[in-house]
Amino acid sequence: MTQPAHAPRDPRHQQLITLHVNGETYELLTEARRTLVDVLRHDLRLTGTHVGCEHGICGACTVLLDGQPVRACLMFAAQAEDREIRTVESLSDGRELNDLQKAFGEHHGLQCGFCTPGFLMLAEGFLAERPRATKEEIREVVASNLCRCTGYQTIVEAIDDCATRRRAALQRRLEETRPDGTAPGGVRPHAAHPGGAEEHEKHAEHVEHDKHEEVPCGSTTRSR
């Protein structure tokens, strides 16, 4: 459902754009020169996205654009039209923090908190693409954002812990037997293959391996 958004009063140089943010669609009039972070904060009131250096260096304004982390201060709002935007507000359901946010708290991955939304969205996009990332890979990725408080190690540990838990949760789901007696992939134990238990086990291993390789971990996208 399209929701109205606050528009600047000055009618000069304005254009009508449509933004898809956190599962909602917004139509608004805005000047072509305005950045995405300004529109998110001042028009849509999504103030979790912070403004830091405004030069794309600090990463405090990081959001996801079609699943990829981007600097919201470096692109115009009009450039994001008809693309899927996620801000830090999308991680929580409004009542409970998601697993990544909880991991940051448990590992003290924040102090002043100003840079935290950018790190959360950076990590969310990275783990969706690389659910089996190593600590070294995580450390390299988070180096793209600036934090003056934590020294980064606790941020790395929080992201690594979240990734580990997501992989474990996925593995448990794959190993669970369904209530109707079928294994993951819809295979009924010892009954789906003429070869009996041995053939079933081989097939089940193949199905589980395929799912383990192909199913992405940790998607927290909310739709409305």
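## Burial and Glu 31

A residue is called buried when its relative accessible area is under 20%. The model described here is a predicted one. Glu 31, a residue of strand 3 (residues 24-31), has a relative accessibility of 12% and therefore counts as buried. Its side chain is joined to that of Arg 33 by a polar contact of 2.8 Å.

## The two nonpolar cores

The largest nonpolar core is made up of 23 residues. Those with the most contacts inside this core are Leu 100, Phe 104, Phe 119, Ile 138, Val 142, Ile 155 and Ile 159. At least two residues of the core come from each of four helices: helix 2 (99-106), helix 3 (116-129), helix 4 (135-142) and helix 5 (153-175). A second core, separate from this one, has 20 residues, among them Leu 19, Val 21, Leu 46 and Ile 85.

Leu 100 can serve as an example from the largest core. Apart from neighbours within four places in sequence, Leu 100 is in contact with Leu 120, Ala 123, Glu 124, Ile 159, Cys 162 and Arg 166. One of these, Cys 162, has a relative accessibility of 2%, so Cys 162 counts as buried.

## Helix 2

The buried residues of helix 2 are Leu 100, Gln 101, Ala 103 and Phe 104. Viewed down the helix axis, the buried residues lie within an arc of 160 degrees, so they line one face of helix 2. Helix 3 and helix 5 are among the elements that cover them.

Both ends of this helix have a local feature to note. At the N-terminal end, Asn 98 acts as a cap, with a side-chain oxygen 3.2 Å from the backbone nitrogen of Leu 100. Just after helix 2, His 108 has a positive phi of about 55 degrees.

## Strand 4 and its partners

Strand 4 (residues 62-65) has side chains pointing in two directions: Thr 62 and Leu 64 point one way, Val 63 and Leu 65 the other, and all are buried. Strand 4 pairs with strand 5 (residues 68-71) in the antiparallel sense, over 4 bridges. In this pairing, Thr 62 is opposite Arg 71. The hairpin formed by strand 4 and strand 5 has 2 residues between the strands, and Asp 66 takes a positive phi near 50 degrees there.

Strand 4 also pairs with strand 6 (residues 84-86), again in the antiparallel sense, over 2 bridges. Here Leu 64 stands opposite Arg 86.

## Thr 150 in a loop

Thr 150 belongs to the loop between helix 4 and helix 5. With 15% relative accessibility, Thr 150 counts as buried. Leaving out residues up to four places away in sequence, Thr 150 touches His 108, Gly 109, Leu 110, Gln 111 and Ile 155. Thr 150 and Gln 111 are 39 residues apart along the chain, and their C-alpha atoms are separated by 6.7 Å. The side chain of Thr 150 also reaches the backbone nitrogen of Tyr 152, at 3.0 Å.

## Cysteines

The structure has 0 disulfides. Cys 115 is in no disulfide, and the nearest cysteine sulfur to it, that of Cys 147, is 3.7 Å away. The cut-off for a disulfide is a pair of cysteine sulfur atoms within 2.5 Å. Cys 115 has a relative accessibility of 13% and so counts as buried.

Methods:
Residues are numbered from 1 along each chain as its sequence is written. This is a predicted model: local features need pLDDT of at least 70, side-chain atom pairs count only at pLDDT 80 or more; totals for chains, interfaces and linings use all residues. Side-chain values use heavy atoms; hydrogens and water are left out. A nonpolar core is a set of buried Ala, Val, Leu, Ile, Met, Phe, Trp, Tyr and Cys residues joined through side-chain atoms within 4.5 Å. Buried means under 20% relative accessible area, exposed over 50%, partly exposed in between (1.4 Å probe, protein chains only). Contact means heavy atoms within 4.5 Å. Two strands pair if DSSP finds at least two bridges between them. A polar contact is a pair of N or O atoms within 3.5 Å; within protein, one must be able to donate a hydrogen and the other to accept it, and residues adjacent in sequence count only if both atoms are side-chain atoms. The arc is that of the directions from the helix axis to the C-beta atoms.
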